[in-house]
Structure formats: structure tokens, C-alpha cells
Amino acid sequence: MAKAIYFFDRDEKYYQLSNFAGFGFKLDGYEWRTMEHYFQAMKFEGTPQFDKILNSGSPKQAKDLGQSRATPIRSDWDLVKEEIMTRGLREKFKDPELRKILLSTGKKELIENSPYDKYWGIGPNGKGKNRLGVLLMELRTGLKREKA
């Protein structure tokens, strides 16, 4: 496979792939400031915590609120989190600029270089699941098919 593309930090070339990047979208009748806002809020659908996250200022605030367990998260979260991530990513990457950036990555492996998250990123030891990168590569493949 061609050289990998790592994304995580704000000053990196492909930061737009990050869920913290400042690209909003509309989904389910709501205006989401970032992908992080959408993803974290969906853990608490139908609760006041959902609205708190939706209206939070920054993706960091959204993440912190989403990781709070003061309000329990939905019981099916582990079953639906990837589907929810995929739905949000599809919507985010309808933006023509973002779609172009994603498609410009060609066949390169996309790696969320998060030192903290070993599920969505590669975690502190680089051996995490990188599920965000995998879902972005799947989305890219789908977008290429649509284009063809």
C-alpha cells in the first residue's frame, strides 16, 4: 500500500479528516458544529445531555460532555456506534471541499494518529484499531464508485 496519511493535530495537512475539524453539517434536523458534536451527542439521544453537547462551543467540550457518565449512555451504544460514525461521516463529506480532500488521499492508508484513543485511533502504542481511519477509507471507496 502507498505511504500512509496520519491525521490528528490541527497543524497537519489532513486535519480536515479529524472529527474535531471545524466543518459542520445538517443531520436529523440538527445543525452539527463538528463531527465530534454529532458523535458524542448520539450517545444521549432523547436526554438533556444531548442538547448540552449539541450546543457546546468546541469539539473538546463536546467530547468531555460525551465522556461524562453523569447521564448514562444508551444501552445499545456498542452495537450502533460504528453505524452512527458512518452516517455522520457520509454527511460531513458531502461538503465538496472535504470530499475532494478525502478523494485526494488516493489509496493511501488513513490513520487517526490519536495517542489517546485505541479504538477510533491508534492509541498510545500505535497498535489501536484505527476505526475512524478504516471508516474513512471505506467512505472514500464508496465515493470513488459513485464518481465512476
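**A tour from D11 to helix α5**

Begin by selecting D11, which sits in the loop that runs between β1 (5–7) and β2 (25–27). The model on screen is a predicted one, and in it D11 is exposed because its relative accessible area, 71%, is over the 50% cut-off. Keep D11 selected and add I122, which is 111 residues away in sequence, while the C-alpha atoms of D11 and I122 are 19 Å apart in space.

Next, turn to the largest pocket, whose volume is about 550 Å³. Select F20, E36, K63, E112 and D117, which are the residues nearest the centre of the largest pocket, out of 28 that line it. Then colour the helices α1 (35–41), α3 (59–67) and α4 (77–92), each of which contributes at least two residues to the lining of the largest pocket; the largest share, five residues, is supplied by α3. If you colour the lining of the largest pocket by residue class, you will find twelve nonpolar, five polar and eleven charged residues.

Finally, move to helix α5, residues 96–103, and show the side chains of L98, I101, L102 and L103, which are the buried residues of this helix. Bring α4, β4 (110–112) and α6 (131–147) into view as well, since these elements are among those that cover the buried residues of α5. To end the tour, zoom in on the start of α5, where a side-chain oxygen of D95 comes within 2.9 Å of the backbone nitrogen of E97.

Technical notes
Residues are numbered from 1 along each chain as its sequence is written. This is a predicted model: local features need pLDDT of at least 70, side-chain atom pairs count only at pLDDT 80 or more; totals for chains, interfaces and linings use all residues. Side-chain values use heavy atoms; hydrogens and water are left out. Helices (H or I, at least four residues) and strands (E, at least two) are DSSP runs, numbered from the N terminus. Buried means under 20% relative accessible area, exposed over 50%, partly exposed in between (1.4 Å probe, protein chains only). On a 1 Å grid over the protein atoms alone, a cavity is a set of points where a 1.4 Å probe fits but cannot get out, and a pocket is an open set with protein on both sides within 12 Å along at least five of seven lines; lining residues have an atom within 4 Å of a point. Grid points are joined across faces, edges and corners, and a volume is the space filled by probe spheres set on the points. Ala, Val, Leu, Ile, Met, Phe, Trp, Tyr, Cys and Pro count as nonpolar, Asp, Glu, Lys and Arg as charged, and the others, Gly among them, as polar. Contact means heavy atoms within 4.5 Å. A polar contact is a pair of N or O atoms within 3.5 Å; within protein, one must be able to donate a hydrogen and the other to accept it, and residues adjacent in sequence count only if both atoms are side-chain atoms.
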